[in-house]
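Please look through the structure shown below, and follow its helices, strands and chain contacts with this report beside you.

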Amino acid sequence: MSLLSADGIVKEFGGLRAIDGLSVSIDAGELVGVIGPNGAGKSTMFNCISGVITPDEGTVTYDGTEVTGDPPETLARRGLVRTFQATRELETMTVRDNVRLAAPDQPGERTVSALLRTDSMQATERSVRTRADELLETFELDHLADEYSGNLSGGQRKLLELARTLMLEPDVLMLDEPFAGVNPTLTDEIAEHIRELNENGMTVVIIEHELETLTELVDRLVVLQQGRVLVDGEPEDVLSDERVIEAYLGGGV
Amino acid sequence: MSALDRIPSGNGDLALLAGVFCFLIGGLFVLTPLQVQLPNMFYVFVEVGILFVIYGLLVLGLDLQYGHTGLVNFGHVAFFAVGAYGTAMLSAQDTFVGIGLGYPWPLALGVGVVAAAVVGLGVSATSIRLRGDFLAIVTLATAEILHSIFVNFEGVFGGNVGILGVPRPIAALVSQADTRLIATLLVLGGITLVGLAGVTRLTSAPYGRVLRAIRADELVTRSVGKSTVTYKTQAFVYGAALAGLAGGLFALYNGAVAPGFFTIQVTVTVWIGMLLGGAANHRAVLAGLSIIMGIRLVSRFALTVTPVPSDVFASIRLVVVGLILVAVIRYRPAGIWGDAQELGVDR
Amino acid sequence: MGLLQNIIFGVITGSYIAIAAIGFTLIYGIVNMINFAYGEYLTLGAFIGLFAATALPIPLPVAVLVAMAGGGLVSIVLARAFFTPINQTGPVPLLLTSIGLGIALRNAIRLVAGRQARYYDTEATTFRFDAIPDLSVGSVDLLGGFFVTSEQLIVVGSAVVVFIAIHGLLTRTDVGIAMRAMGDNESLARVRGVDTQLIRDSVWILAGVLAGLSGVLLAIQTNVNATTGFSEILQILSAAILGGAGSPYGAILGAYLIGIILALSTAFLPSGMGGLSSAIAFAILILVLLVKPSGITGTEVREA
């Protein structure tokens with residue numbers, strides 16, 4: 001049953017067609033990888049689906065409702081959460097605050113509750129802190145909890161972003177290059193976390209260039225080229241597909 | 001849990017206590033025949049002190065807008081003016097020119113605050129999405145437009161003379177000059193401390209976390225499910241309301257409002273105070289403001305001892321103030337007490 | 001006074017604002033900052049020109065050239081001292097620095113020069129054209145007799161010379177072409193070998209020269225005091241943004257629009273409310289920023 005689908009998406013930037021009729025459907029519980037040469041439109045596709053930009057044409061459907069052009073915060077609250085390719089950390093906040101921020105439904109985020117310091121605010125804040133600490137421990141960031149996230153290494157930032165998104169308890173997790181700039185050991189760790197999340201029911205879509213780890217991880221591979229889906233299938237079939245090899249050699253990686 | 005952990009408690013409560021205490025003591029002086037003798041030389045201190053606590057509300061509002069949420073508001077004096085004029089026009093009894101409706105001052109004060117908040121809402125509804133320096137220009141232009149309107153529509157706003165005959169509640173109840181001054185300082189100071197408590201509570205709660213996240217990266221904050229436009233609008237309106245309150249209180253203290261009290265100088269003074277002290281730290285911005293006001297105090301003192309004309313001193317003071325702003329941005333962008341990492345200026 | 005006369009006033013105002021606005025907008029486009037101390041560059045130009053004209057036995061046109069050179073010098077010195085070191089900090093710190101610098105300069109000038117307004121000693125011939133019919137529409141005279149002074153003609157003439165010179169600079173010289181490249185895309189320009197700091201310095205000097213000229217022309221029309229230039233800064237800013245921030249051609253268009261709007265609104269406003277004309281100019285500025293921040297020529301689109 002399709003949980004997330006994009007249908008006929010078109011997006012132009014100043015005369016350049018970044019996405020040119022893209023359609024893809026993802027079922028609940030899938031672990032999908034998205035690959036393609038540079039400029040194929042992978043991040044733009046993510047941006048169109050997650051509401052960061054509005055497609056010129058086409059529709060995005062999530063959990064049975066059309067959500068084309070809905071703002072990112074609405075989608076995040078409904079369980080569709082994404083990370084960013086260039087790690088956009090909240091650099092002027094500590095690791096702890098980064099994670100605590102993401103918790104949904106905090107009464108303390110509303111004016112009156114904050115001013116009056118209501119009991120529900122205090123109780124929720126306590127549980128948010130506990131959960132945040134647990135997540136930090138899981139991703140082994142607890143020793144860095146009070147560091148400003150701007151001081152973290154590339155790999156640590158990726159882990160932080162993962163921890164942060166998990167606070168939202170997403171149904172669909174969209175990861176944009178989670179292994180980029182991360183050392184091999186950490187890459188395997190992150191892959192392991194992702195596998196576990198998927199086994200527990202989370203739908204995951206991953207953009208990556210790191211083909212080795214990705215192909216071992218995912219059940220399905222979607223290849224984009226020039227803003228369109230080129231091939232869509234199981235990793236081994238896709239990678240041995242001649243068109244895919246040509247796309248990478250022709251378009252340049 | 002480390003010391004950096006901001007648990008909702010702490011200095012907000014102290015400020016609240018101190019504020020209520022000051023307010024009550026001040027109230028005591030107002031309502032009872034209790035008197036105070038003030039040596040002449042302290043007069044200037046208390047007068048500048050009163051201006052300081054009024055401006056203190058301005059700087060707290062600005063800190064909420066810029067220090068916490070990253071909104072560059074360079075027209076803050078506009079909200080100050082709207083609150084002042086609103087309160088004045090509703091309560092003035094015998095103004096020479098302009099409108100004075102003679103309503104009771106508590107009502108007028110409330111209207112003044114609401115009016116400032118509404119103007120703040122209007123500005124933020126239209127401009128909140130603008131890039132930092134463009135937002136600065138829009139807010140600055142708005143303040144200039146308002147100033148121009150106040151000066152030019154003489155029949156309504158009293159032109160350069162302004163609105164006179166605004167009731168002075170404390171002065172009306174206290175005849176002895178020294179006591180009046182001290183009572184005013186305590187009452188207004190108490191209100192500012194309560195304002196400090198309120199703003200601190202807001203920003204030390206998860207609410208403040210969202211504001212700081214918006215300042216850090218708005219897109220990421222939206223991606224974790226927060227409606228950033230709502231928060232930015234709220235921060236802007238709350239800041240405007242605080243400025244409006246300051247304006248209304250000023251009107252009721254001064255007994256009159258005129259365009260000369262609401263120039264860009266006020267905005268600049270408050271900005272420099274905030275940046276010098278350390279934006280995003282409420283106590284620090286008040287401390288920074290006190291330094292700037294202290295310079296004003298020193299120049300007022302020096303005026304009495306040197307044979308230099310007062311406008312020369314004003315110019316010297318302004319040269320110093322301008323250079324302080326330049327120096328702070330260049331050498332200590334986080335201010336004296338601010339946290340460089342918090343503000344992202346640690347390079 | 002007929003509309004024609006008002007429009008003529010507007011064209012004259014537009015002329016000296018245009019000269020300044022070109023410099024202002026180039027700074028915005030290439031150094032990426034709104035320079036709120038720019039008004040003081042005009043003021044300093046006016047003072048330097050006045051000093052040169054009165055203290056030295058040189059004719060006025062030469063004094064103007066001295067003012068322009070002085071303006072360029074002042075501009076590059078201030079830029080190197082205050083703006084270049086913090087170039088990387090972003091538009092807001094640069095704007096705030098310029099605001100602080102402006103306050104300091106304005107008051108320093110006031111301290112040194114005193115409060116008295118000074119005047120350029122010029123002789124102007126007035127050319128009257130009274131024979132023009134009034135062409136009344138209701139209570140408004142569309143045309144009507146008008147006059148221009150020789151000073152005013154010089155202002156407009158100087159502006160035209162400046163426009164031609166700037167166009168030539170930007171299209172035919174290496175420096176000018178490099179400026180345009182940097183204004184469009186700085187990293188691309190650097191990759192192509194443009195010495196970005198050198199071009200920035202050149203822009204500062206050019207903007208200072210233009211400010212000096214505009215300041216003298218303005219002072220000849222009005223007077224020389226510490227706030228001569230500051231009183232125009234918001235109009236200059238409005239002109240630049242209205243025309244499309246970063247575009248010199250847009251700045252020219254924006255300046256004349258602002259000048260004419262100011263003149264017409266002064267004419268139509270009830271007497272005593274003349275001060276509102278500047279409020280109208282700022283209201284237009286706000287409108288432009290909200291509706292089309294890239295301005296009329298739409299060369300720069302800077303997202304929030």
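In this predicted model, 15 of the 21 residues of helix H10 (248–268) of chain C are buried, so this helix is largely enclosed by the rest of the structure. Its length can be checked by simple reasoning: at 1.5 Å a residue, the 21 residues of H10(C) should span 30 Å, and because the end C-alpha atoms are 30 Å apart, the expectation and the model agree. Helix H11 (residues 276–291) of chain C passes the corresponding check, since its 16 residues should span 22 Å and its end C-alpha atoms are indeed 22 Å apart. The table sets the two helices side by side.

| Helix | Residues in helix | Expected span | Distance between end C-alpha atoms |
|---|---|---|---|
| H10(C) | 21 residues | 30 Å | 30 Å |
| H11(C) | 16 residues | 22 Å | 22 Å |

Which residues of H11(C) are buried? They are C:Leu276, C:Ser278, C:Ala279, C:Ala281, C:Phe282, C:Ile284, C:Leu285, C:Ile286, C:Val288 and C:Leu289. These buried residues pack against helix H9 (233–243) and helix H10 (248–268) of chain C, and also against helix H5 (132–152) of chain B. As background for reading such a list, an α-helix has 3.6 residues a turn, so residues three or four places apart point the same way.

Another pair of helices in chain C can be described through its geometry. Two packed helices are described by the angle between their axes and the distance between the axes. For helix H3 (residues 60–83) and helix H8 (residues 196–221) of chain C, the packing angle is about 140° and the axes are 7 Å apart. This angle makes H3(C) oblique to H8(C), and the crossing of H3(C) past H8(C) is right-handed. On the side of H3(C), the residues that make the contact include C:Gly70, C:Gly71 and C:Gly72, while those on the side of H8(C) include C:Gly208, C:Gly212 and C:Gly215.

The contacts between chains come next. Of the two pairs of chains in contact, chains B and C share the most contacts, and their contact takes 35 residues from chain B and 36 residues from chain C. Helix H4 (91–113), H9 and H11 of chain C each supply at least two residues of the side that touches chain B, and H4(C) gives the most to that side, with 15 residues. Chain A, for its part, has 33 residues in contact with 28 residues of chain B. On the side of chain B that touches chain A, the elements giving two or more residues are helix H8 (177–204), helix H9 (206–216), helix H10 (218–223) and helix H15 (340–343) of chain B, and H9(B) gives the most, with seven residues. Chain A and chain C do not touch, and their nearest C-alpha atoms are 12 Å apart.

Within chain B, one residue of helix H8 can be examined by itself, namely B:Ala197. Is B:Ala197 buried or exposed? B:Ala197 counts as buried because it has 22 C-beta neighbours inside 10 Å, and 20 or more are needed for a residue to be called buried. Although B:Ala197 and B:Gly12 are 185 residues apart in sequence, their C-alpha atoms are 4.4 Å apart in space. Leaving aside residues up to four places away in sequence, B:Ala197 touches B:Gly12, B:Ala15, B:Leu16 and B:Gly19.

Chain A brings in strands. Strands of a sheet pair through backbone hydrogen bonds, either parallel or antiparallel. An open sheet of four strands in chain A has the order S2-S1-S4-S5, with antiparallel pairing. Strand S2 (16–27) and strand S5 (65–66) of chain A stand at the edges with a single partner strand each, so one side of each is left without a neighbour in the sheet. Strand S1 (residues 2–13) and strand S4 (residues 57–62) of chain A are joined over five bridges in the antiparallel sense, and A:Asp7 stands opposite A:Thr59 in S4(A). Helix H1 (residues 42–49) of chain A lies across S1, S2 and S4 of chain A, and runs at about 65° to S2(A).

Strand S9 (residues 220–225) of chain A has five of its six residues buried, so S9(A) is largely enclosed by the rest of the structure. Four bridges join S9(A) in the parallel sense to strand S3 (residues 31–35) of chain A, where A:Ile35 stands opposite A:Val223 in S9(A). Five bridges join S9(A) in the antiparallel sense to strand S10 (residues 228–233) of chain A, and the bridge partner of A:Gln225 in S10(A) is A:Arg228. The hairpin of S9(A) and S10(A) has two residues between the strands, and in this hairpin A:Gln226 takes a positive phi near 50°.

How values were computed. Residues are numbered from 1 along each chain as its sequence is written. Chains are lettered from A and ligands numbered from 1 in the order in which they are written. This is a predicted model: local features need pLDDT of at least 70, side-chain atom pairs count only at pLDDT 80 or more; totals for chains, interfaces and linings use all residues. The expected span of a helix is 1.5 Å times one less than its number of residues. A residue is buried if 20 or more other C-beta atoms lie within 10 Å of its own, exposed if 12 or fewer, and partly exposed in between; C-beta atoms are placed from the backbone. Two residues are in contact if their C-beta atoms, placed from the backbone, lie within 7 Å. Two strands pair if DSSP finds at least two bridges between them. Axes are lines fitted to C-alpha atoms, for helices over the stretch in contact, and angles run from 0 to 180 degrees between N-to-C directions. Angles under 35 degrees count as roughly parallel, over 145 as roughly antiparallel, 65 to 115 as roughly perpendicular and the rest as oblique. A crossing is left-handed if the near helix is turned anticlockwise from the far one by less than a right angle, and right-handed if clockwise.
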